[in-house]
Amino acid sequence: MSLAVARKPLRADAARNVDKIITAARQCFREFGPEVPLQTIATTAGVGPATLFRNFADKEELVLAALNRQLRLTVDPVMDGALADIDAAAGLLRVLETLMAAASDDANLLCAVAGRRELLTGITGSLMESISILLARGQGQGSLRTDITMTDMFRLLAMLIGVVDTMEPGSDAWRRPLALVEDAIRTVRPSRPLPALVPVPAPAAAGLPGGTIVGTHHVQ
């Protein structure tokens, strides 16, 4: 998966600095939230601000690099296995599970670029291409609904990622909505109970305005 901003090959020492900065960014976003200052990230990485800005023009670029790194490390190997699997639907669901686990782990990174769809598209292009292949295979195998398009899949994935905003970072509350999506896209609904319901956390943690009410309904 390529970053939206292309990078030139780095010298070994520069590459080490980039790795330290990205690792520190993930740590700091987890500990301090999406508003963490770049100075804090530089200090945690053990580099000066000048080194950080020499490699990343701003926080946005650093966040995209960190997200891109995690997709490459966690989702890409699972996607490779899914593309090699005879059962395309099962492979697709494994990819979605891995993607949601990564999104939960790095919820604060996602929050830092919330609403910037064009930025995330730059690092998820090849992921969506592979999902398209799995969807077509699953439809050909009769395990996935033939009336589902990639536009549907894109929107379903966006909906799933949005679940991260309603749960604690690192939580597996995404498993229940993912199971509901699986029920919706398979030709035959799996005969298994839904994963346990995880309540929406308190407003301060979930970022929900106006108490534990979304729209006109209380969140359970």
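**Salt bridges and the setting of Thr 40**

In this predicted model, Arg 69 and Asp 19 form a salt bridge in which the closest N and O atoms are 2.8 Å apart. Arg 69 belongs to helix 4 (residues 59–84) and Asp 19 to helix 1 (residues 12–32), so the pair ties together parts of the chain that lie 50 residues apart in sequence. The two partners fall into separate accessibility classes. Arg 69 is buried, its relative accessible area being 15%. Asp 19 has a relative accessibility of 35% and counts as partly exposed.

A second salt bridge that involves helix 1 is made by the side chains of Arg 26 and Asp 106, with an N to O distance of 3.0 Å. Here too distant parts of the chain are linked, since Arg 26 is located in helix 1, whereas Asp 106 occupies the loop between helix 5 (88–105) and helix 6 (107–112). The two residues are 80 residues apart. Both Arg 26 and Asp 106 are buried.

Further along the chain, Arg 175 pairs with Asp 172 in a salt bridge, and the closest N and O atoms of this pair are 3.8 Å apart. Arg 175 is partly exposed, with a relative accessible area of 38%. Asp 172 is likewise partly exposed, at 43%. In addition to such pairs, a network of salt bridges links four residues, namely Glu 182, Asp 183, Arg 186 and Arg 192. Across the whole structure, the search finds nine salt bridges. In general terms, side chains of opposite charge can pair when their charged atoms come close.

The surroundings of Thr 40 were also examined. Thr 40 is part of helix 2, which spans residues 38–45. With a relative accessible area of 26%, Thr 40 is classed as partly exposed. When neighbours within four places in sequence are left aside, Thr 40 is in contact with Cys 28 and Phe 32. For Thr 40 and Cys 28, the separation in sequence is twelve residues, and the C-alpha to C-alpha distance is 7.5 Å.

Taken together, helix 1 contributes Asp 19 to the salt bridge with Arg 69 of helix 4, and also Arg 26 to the link with the loop between helix 5 and helix 6.

How values were computed: Residues numbered from 1 in each chain as written. Predicted model: local features only at pLDDT ≥ 70, side-chain atom pairs only at ≥ 80, totals over all residues. Heavy atoms only, no water. Helix = DSSP H or I, 4+ residues; strand = E, 2+ residues; numbered from the N terminus. Buried < 20%, exposed > 50% of the residue type's maximum accessible area, 1.4 Å probe, protein only. Contact = heavy atoms within 4.5 Å.
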